[in-house]
Amino acid sequence: MTVKPTTHSSHWGAFTAVLDNDQLVVIPFSGDPDPSPLLKNFENALNHKVRIATPMVRRGWLENGPGPDDRRGADEYIAVTWEEAYALASGELARIAEAYGPESVFGGSYGWSSAGRFHHAQSQVHRFLNTTIGGYVRSVNSYSSGAASVILPHIVGDMNEIARRGVSWEEISEHTDLMLSFGGLALKNSQVASGGLSEHTERGFIDKAAKRGTKFISVSPLQSDMPDEAQGEWLAIRPGTDAALILALLHVLKSNGWTDEDYLARYCVGWDKMVAYIVGAEDGQVRDAVWAAEICGISAARIEKLAEELHGKRVMISVAHALQRAEHGEQPVWLGLVLSAALGQPGLPGGGYGYALGALGHYGKHHNQVSYPALPQGKNGVKDFIPVARISDMLLNPGQEFRYNGETRRYPHIKLAWWAGGNPFHHHQDLARLRQAFNQLDTLIVHEVAWTATARHADIVLPATMTLEREDVGGAPTDRHLFAMQPVAKPFGEAKDDYTIFAELAKRLGREEAFTEGRSARQWLEHLYGQMQEKCQQQGIDVPNFSTFWDIGQLQLPQLKDGGRLLRNLRNDPEQHPLPTPSGKIEIFSQTIADFNDADCPGHPVWLEPTQKPDAGNPLYLIANQPATKLHSQLDYGKHSVSQKLDGREICRLHPQDAASRGIKIGDTVKISNSRGTVLASVDISERIMAGVVQLPTGAWYDPQDPQAEKPLCRHGNPNVLTLDVGTSSLAQGCCGQITIVEVARFEGTAPAVQAFEPPVVLYR
Ligand SMILES: Nc1nc2c(c(=O)[nH]1)N[C@H]1C(S)=C(S)[C@@H](COP(=O)(O)OP(=O)(O)OC[C@H]3O[C@@H](n4cnc5c(=O)[nH]c(N)nc54)[C@H](O)[C@@H]3O)O[C@H]1N2
Ligand SMILES: Nc1nc2c(c(=O)[nH]1)N[C@H]1C(S)=C(S)[C@@H](COP(=O)(O)OP(=O)(O)OC[C@H]3O[C@@H](n4cnc5c(=O)[nH]c(N)nc54)[C@H](O)[C@@H]3O)O[C@H]1N2
Ligand SMILES: [Mo]
């Protein structure tokens with residue numbers, strides 16, 4: 001039977017879907033000039049064997065009761081009815097809240113979940129915990145931009161203003177002479193934007209810019225970070241050393257009188273201190289091209305020539321998120337801004353600073369005049385929080401002090417964690433340590449669509465529907481289209497949407513009305529849409545009512561063209577439009593940060609040596625970047641993702657020299673190891689990666705041969721077995737997952753088969 005096509009949307013694109021005799025066919029949105037291949041991942045996902053069909057309880061938890069347990073990750077599961085699951089989960093939450101208070105419940109629940117605005121899992125968890133037990137310990141910031149989101153407000157302004165409302169691609173294609181990108185502008189990354197992305201326009205704009213004459217230079221360990229359309233130049237840099245390179249560029253610019261001293265004096269504070277640091281007046285160390293060449297691996301001559309190329313041009317500087325997902329990640333973010341200021345570019349058409357431009361499909365776009373309302377989350381009565389990537393630290397060290405943004409705080413003592421829409425065994429660093437951390441809990445409750453490693457560590461697993469199995473509204477503030485996400489298929493097994501699960505739990509906790517406000521899921525969709533409609537009407541924008549929208553399936557909203565306004569307004573009228581910094585100017589020196597007195601993030605940008613630096617035991621850098629074939633770990637079992645693996649394993653890339661010296665050939669299986677564990681991966685060999693660097697993307701589901709091993713071996717290729725779990729600095733405590741150090745060796749003999757997509761042992765009663 002062929003069913004009528006339905007419109008739907010995802011973080012990687014909008015589409016219509018047809019379910020024809022159980023076979024899902026996905027057709028990209030007709031208005032998308034460059035649809036994402038990630039859409040194919042849906043096609044085999046609905047009924048995959050790794051989906052979770054019924055509620056499950058971990059055997060050890062059911063038999064022995066809540067409490068710390070080392071068998072998490074290695075245990076069997078017992079299928080239970082929804083009634084039993086609701087009773088167990090609500091009873092346990094009530095027990096913990098009563099005995100220890102909501103400050104013992106962690107509800108951060110970091111993760112991307114799916115694109116719909118209402119069934120946004122993280123918002124649902126927050127609302128549930130606020131309305132039932134009065135709050136929870138939350139997490140702040142993201143794995144994406146942990147360091148940048150904390151430092152940018154001190155030195156220029158809110159990160160969203162700088163990244164999301166930065167100079168647009170359109171403007172770049174028309175005005176920019178030279179685009180210098182630290183971390184590149186990989187199109188694999190801009191195919192994704194949270195909430196939805198109906199038009200992939202980056203390729204077109206880059207092509208247009210290059211044809212008009214924009215010169216693109218990509219500074220990165222990987223050549224593939226620059227799209228072919230850019231016809232750009234690749235400057236291979238040692239990972240984690242961009243701060244040194246930029247300091248040297250500043251040195252060359254200053255020495256040659258190429259800095260825009262008027263701009264620096266009028267719109268910035270602290271340039272004198274920066275100069276003292278680069279010329280050696282501060283501590284006797286000159287930070288010139290020769291100094292930097294030694295650190296970053298780009299020759300002094302090339303650094304000098306690059307500075308010369310930047311001088312006198314309309315220059316756009318971009319710094320990828322990746323650079324700040326590393327030790328002292330605050331520094332390249334700060335220095336990218338300082339470099340653009342030294343060139344006098346911020347506020348000029350097609351010039352200045354584009355933090356994270358190209359890292360996501362939100363950046364460099366225009367904003368909708370009216371934004372779609374979010375699900376209200378209620379009031380959180382708990383004050384405690386952690387920077388999101390300090391999860392293991394918190395669970396392992398309750399009561400311990402930590403520094404964050406100038407404050408000394410303490411980790412709370414968490415007894416129960418509730419996760420929906422995230423996969424910490426994908427996103428967190430040092431997975432053996434993460435398992436130890438989760439083992440301290442009394443109870444871990446997870447809502448999941450499939451048996452991810454996180455679900456396999458949970459005590460209670462509640463099966464969630466996939467986005468394709470429910471209705472929602474898809475939209476993002478930087479996407480002019482709003483989509484009706486119409487259901488394509490019936491829920492798998494007994495799966496329910498997160499809202500229904502929470503509503504049932506709230507009922508058992510005597511808080512149903514507070515959580516639902518008497519609305520069904522469909523009534524919430526109508527309610528939120530109605531709020532948007534009202535805002536539109538106030539601004540004279542005509543939009544149809546909900547039922548018409550639902551029938552048509554899509555809606556186009558008017559947009560503003562105000563990209564780059566913060567720095568443009570500053571340039572045009574600094575008195576009327578000061579920046580939201582203490583000085584109202586760009587802070588090349590920040591007295592606020594200096595007064596925090598943290599040695600790992602002083603008052604002006606610096607070069608600080610990272611601990612993750614190759615040595616005799618671990619001679620190679622590992623770059624663990626975003627996967628081209630999926631979004632994070634989502635639908636890793638999907639058609640496209642699986643088709644890009646070899647022997648079922650994720651593919652790592654090595655330079656021919658590094659491969660030859662280790663006797664490694666294309667297609668081999670290798671062991672990538674360091675003191676934290678070992679990962680197996682298949683091998684590709686390419687000149688497009690810098691020698692001394694191996695690249696393995698994130699996203700392969702964690703598949704430990706022995707889940708309880710102190711140093712696990714992942715058969716599938718999850719790099720977070722190897723990454724180091726430390727904060728970027730005392731300032732931001734962001735995640736450092738991008739770069740670590742490893743050794744690589746050929747796997748001799750027969751490598752163990754990948755089991756990642758085999759469900760765990762389930763006992764049915
Ligand atoms: N080493 C290293 N680690 C990294 C990074 C890196 O560069 N290097 N990058 C980091 C970054 S930037 C990020 S953003 C994180 C991403 O980390 P996550 O956001 O945790 O990764 P996802 O795979 O998107 O996890 C979303 C999960 O939600 C589930 N899901 C989808 N829809 C629903 C739903 O409706 N309900 C429920 N209950 N579940 C649903 C999916 O099955 C999936 O398991 O990873 C970080 N980790
Ligand atoms: N297909 C796909 N797209 C995605 C995602 C995904 O999972 N899949 N995730 C999305 C999310 S949540 C986010 S936050 C963004 C993340 O955006 P980014 O963090 O910018 O993305 P990455 O791919 O991790 O890194 C970009 C490139 O930076 C380079 N790089 C790494 N370290 C260094 C360094 O020290 N110096 C320099 N100069 N370059 C370096 C690497 O070669 C890498 O390919 O991507 C988004 N886009
Ligand atoms: Mo991210």
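## How α9 and α12 cross

In this predicted model, helix α9 passes helix α12 in a left-handed crossing. The two helices, α9 spanning residues 242–255 and α12 spanning residues 289–296, pack with their axes 8 Å apart and at an angle of about 165°. An angle over 145 degrees counts as roughly antiparallel, and α9 is therefore roughly antiparallel to α12.

The contact between these helices involves A244, L245, L247, A248 and V252 on the α9 side, and these residues meet A289, W291, A292, I295 and C296 of α12.

## How α3 and α18 pack

Another helix pair is formed by α3 (residues 121–133) and α18 (residues 498–508). Their axes come within 10 Å and cross at roughly 10°, and α3 and α18 are therefore roughly parallel to each other. From α3, the residues A121, Q124, V125, F128 and T132 take part in the contact, while α18 contributes D498, Y499, F502, L505 and A506.

## An enclosed helix, α17

Helix α17 covers residues 431–439, and because seven of its nine residues are buried, it is largely enclosed by the rest of the structure. The buried residues are L431, A432, L434, R435, A437, F438 and N439, a list in which R435 and N439 stand beside L431 and F438.

Which elements cover the buried residues of α17? Among them are the helices α15 (391–396) and α16 (424–427), together with the strands β18 (416–420) and β19 (443–448).

## Domains and recorded annotations

The domain assignment divides the protein into domain 1 (2–31), domain 2 (56–143 + 371–556), domain 3 (167–363 + 573–596) and domain 4 (620–746). Taken over C-alpha atoms, the centres of domain 1 and domain 4 are separated by 33 Å.

An unreviewed UniProt entry places the feature "domain: Molybdopterin oxidoreductase" at residues 51–508. Over residues 51–508 the chain is 36% helix and 16% strand, and the C-alpha atoms at the two ends of this stretch are 27 Å apart. The UniProt annotation "domain: Molybdopterin dinucleotide-binding", likewise from an unreviewed entry, covers residues 620–735. Over residues 620–735 the chain is 9% helix and 24% strand, and the end C-alpha atoms are 20 Å apart.

## Two residues with positive phi

S109 has a positive phi of about 50° although it is not a glycine, and its place is the loop between β6 (105–106) and α3 (121–133). With a relative accessible area of 0%, S109 is buried.

N597 also departs from glycine while having a positive phi, in this case of about 60°. Is N597, in the loop between α23 (591–596) and β26 (620–623), buried or exposed? The relative accessibility of N597 is 69%, and N597 therefore counts as exposed, since the cut-off for that class is over 50%.

## Surroundings of L178 and S730

L178 lies in strand β8 (residues 178–182) and is buried, with a relative accessible area of 2%. Leaving aside residues up to four places away in sequence, L178 touches T214, K215, I217, E309, L310, R314, V315 and M316. By contrast with these contacts, the C-alpha atoms of L178 and P704 are separated by 46 Å, the two residues being 526 residues apart along the chain.

S730 is found in the loop between β31 (713–714) and β32 (739–746). At 15% relative accessibility S730 counts as buried, because the limit for a buried residue is under 20% relative accessible area. Which residues does S730 touch, not counting residues up to four places away in sequence? They are R403, Y404, N405, D598 and D600.

## Q531 in helix α20

Q531 sits in helix α20, which runs over residues 521–538. With a relative accessibility of 34%, Q531 counts as partly exposed, as this value falls between the cut-offs of under 20% for buried and over 50% for exposed. Q531 and K665 are 134 residues apart in sequence, and the distance between them in space, C-alpha to C-alpha, is 59 Å.

Definitions and conventions: Residues numbered from 1 in each chain as written. Chains lettered and ligands numbered in written order. Predicted model: local features only at pLDDT ≥ 70, side-chain atom pairs only at ≥ 80, totals over all residues. Heavy atoms only, no water. Domains from an automatic or database assignment. UniProt positions renumbered as here; feature names shortened; annotations may be inferred. Helix = DSSP H or I, 4+ residues; strand = E, 2+ residues; numbered from the N terminus. Buried < 20%, exposed > 50% of the residue type's maximum accessible area, 1.4 Å probe, protein only. Axes fitted to C-alpha atoms, helices over the stretch in contact; angles between N-to-C directions. Parallel < 35°, antiparallel > 145°, perpendicular 65-115°, else oblique. Left-handed = near helix turned anticlockwise from the far one by under 90°. Contact = heavy atoms within 4.5 Å.
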